[in-house]
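Here are some exercises to work through with the model open beside you. Try each task before you read its solution.

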Amino acid sequence: MDRSLKALSLILSYPTRALQQAMPEIGGVLASDTRLTAATRRALRPLVDELGGRDIYELEETYVALFDRSRTLSLNLFEHVHGESRDRGGAMVSLVEMYREAGFEPATSELPDHLPVLLEFLATRPFTEAQDILADAAHILAALNARLVRRESPYDAAFAALLQLAGAKADRAAVAELLDQPDDDPNDLEALDAVWEESEVRFGPDPNAGCPQVRDMLARMDQPANPTPRHAAE
């Protein structure tokens, strides 16, 4: 198992007391990974310290405000690729099939394209395979990193680390297209509620469409994405 990918999967998961207790070990894993530059490892320390030492309720509130209430920071990757198009259903089915073929059963109620779930899966695969998939999602990771930097969130360090592990530079045009989408205000709850009510996620594949490879789905840019709520069991 790739311990760093597993560690980053945990860091990007919904905060729990169990996660807090594990942060010293998680931080140690990342601090010892020589695939990351010294600067990247140093940048991860404030996030590790915050997740390990901050009040759990404040951590939960921060996580929800960032990744649940903010459409442009969604951790559901296909949301940035397919939005609410019918292609997203087929993409979900293909991803679930890829997990099952590899004998991977996520122990979560999150959607299959939730980044921590994907990272947990990639941690079980050969690193070259994991690196290829991360590289093809680099434009999404870079856009999320840039938005978190703007919000001065320590979570940006996790995405910087993932980009470094991907070993590839994100396509600037693809990143710019994502960043051109207007950022949303996580404090405007009335507007966000209206968006959730209008959103509908289709998990079934389009009977008239094929199932492209997961790497192609992550790499392909479609129409600007619309949000969907997180389906975590908290």
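Before we start on the loops, a helix here is a DSSP run of H or I with at least four residues, a strand is an E run of at least two, and both are numbered from the N terminus. The model is a predicted one, so local features need pLDDT of at least 70, side-chain atom pairs count only at pLDDT 80 or more, and totals for chains, interfaces and linings use all residues. Residues are numbered from 1 along each chain as its sequence is written, and side-chain values use heavy atoms, with hydrogens and water left out.

**Exercise 1. Find Ser74 and decide: is Ser74 buried or exposed?**

Step 1: go to the loop between helix 4 (56–68) and helix 5 (77–82), where Ser74 sits.

Step 2: check the cut-offs. Buried means under 20% relative accessible area, exposed means over 50%, and partly exposed is in between, with a 1.4 Å probe and protein chains only.

Step 3: Ser74 has 3% relative accessibility, so Ser74 counts as buried.

Step 4: look at the surroundings. A contact means heavy atoms within 4.5 Å. Setting aside neighbours within four places in sequence, Ser74 touches Phe67, Glu79, His80 and Leu144.

Step 5: follow the side chain of Ser74, which reaches the backbone nitrogen of Asn76 at 3.1 Å. For a polar contact you need a pair of N or O atoms within 3.5 Å; within protein, one must be able to donate a hydrogen and the other to accept it, and residues adjacent in sequence count only if both atoms are side-chain atoms.

Step 6: pick out Leu115, which is 41 residues from Ser74 in sequence, with 9.1 Å between the two C-alpha atoms.

**Exercise 2. Now try another loop residue: is Glu152 buried or exposed?**

Step 1: find Glu152 in the loop between helix 9 and helix 10.

Step 2: Glu152 comes out at 74% relative accessibility, and therefore counts as exposed.

Step 3: have a look at the backbone too. Glu152 has a phi near 55°, which is positive although the residue is not glycine.

**Exercise 3. Which residues of helix 1 are buried, and what do they pack against?**

Step 1: start at the N-terminal end of helix 1, which Asp2 caps with a side-chain oxygen 3.2 Å from the backbone nitrogen of Ser4.

Step 2: walk along helix 1 (residues 3–11) and mark Ser4, Leu5, Ala7, Leu8, Ser9 and Ile11 as buried.

Step 3: keep the helix geometry in mind. An α-helix has 3.6 residues a turn, so residues three or four places apart point the same way.

Step 4: look outward from those buried residues. They pack against helix 2 (17–31), helix 3 (38–53), helix 7 (115–122), helix 8 (127–136) and helix 10 (156–166).

**Exercise 4. At what angle do the axes of helix 1 and helix 7 cross?**

Step 1: set up the axes as lines fitted to C-alpha atoms, for helices over the stretch in contact; angles run from 0 to 180 degrees between N-to-C directions.

Step 2: the axes of helix 1 and helix 7 come within 8 Å and cross at roughly 165°.

Step 3: name the arrangement. Angles under 35 degrees count as roughly parallel, over 145 as roughly antiparallel, 65 to 115 as roughly perpendicular and the rest as oblique. Helix 1 and helix 7 are therefore roughly antiparallel.

Step 4: list who meets whom. Leu5, Lys6, Leu8 and Ser9 of helix 1 make the contact with Pro116, Leu119, Glu120 and Leu122 of helix 7.

**Exercise 5. Which residues of helix 10 are buried?**

Step 1: mark Ala157, Ala158, Phe159, Ala161, Leu162, Leu163, Leu165 and Ala166 as buried.

Step 2: that makes eight of the 11 residues, so helix 10 is largely enclosed by the rest of the structure.

Step 3: see what the buried residues of helix 10 pack against: helix 1, helix 3, helix 7, helix 8 and helix 9 (138–150).

Step 4: step just past helix 10 to Gly167, which has a positive phi of about 65°.

**Exercise 6. How many helices and strands are there in the protein?**

Step 1: count along the chain to get 13 helices and zero strands.

Step 2: check burial overall. Of the 234 residues, 47% count as buried.

Step 3: take the contacts with a separation of 6 or more; 76% of them are between residues 24 or more positions apart.
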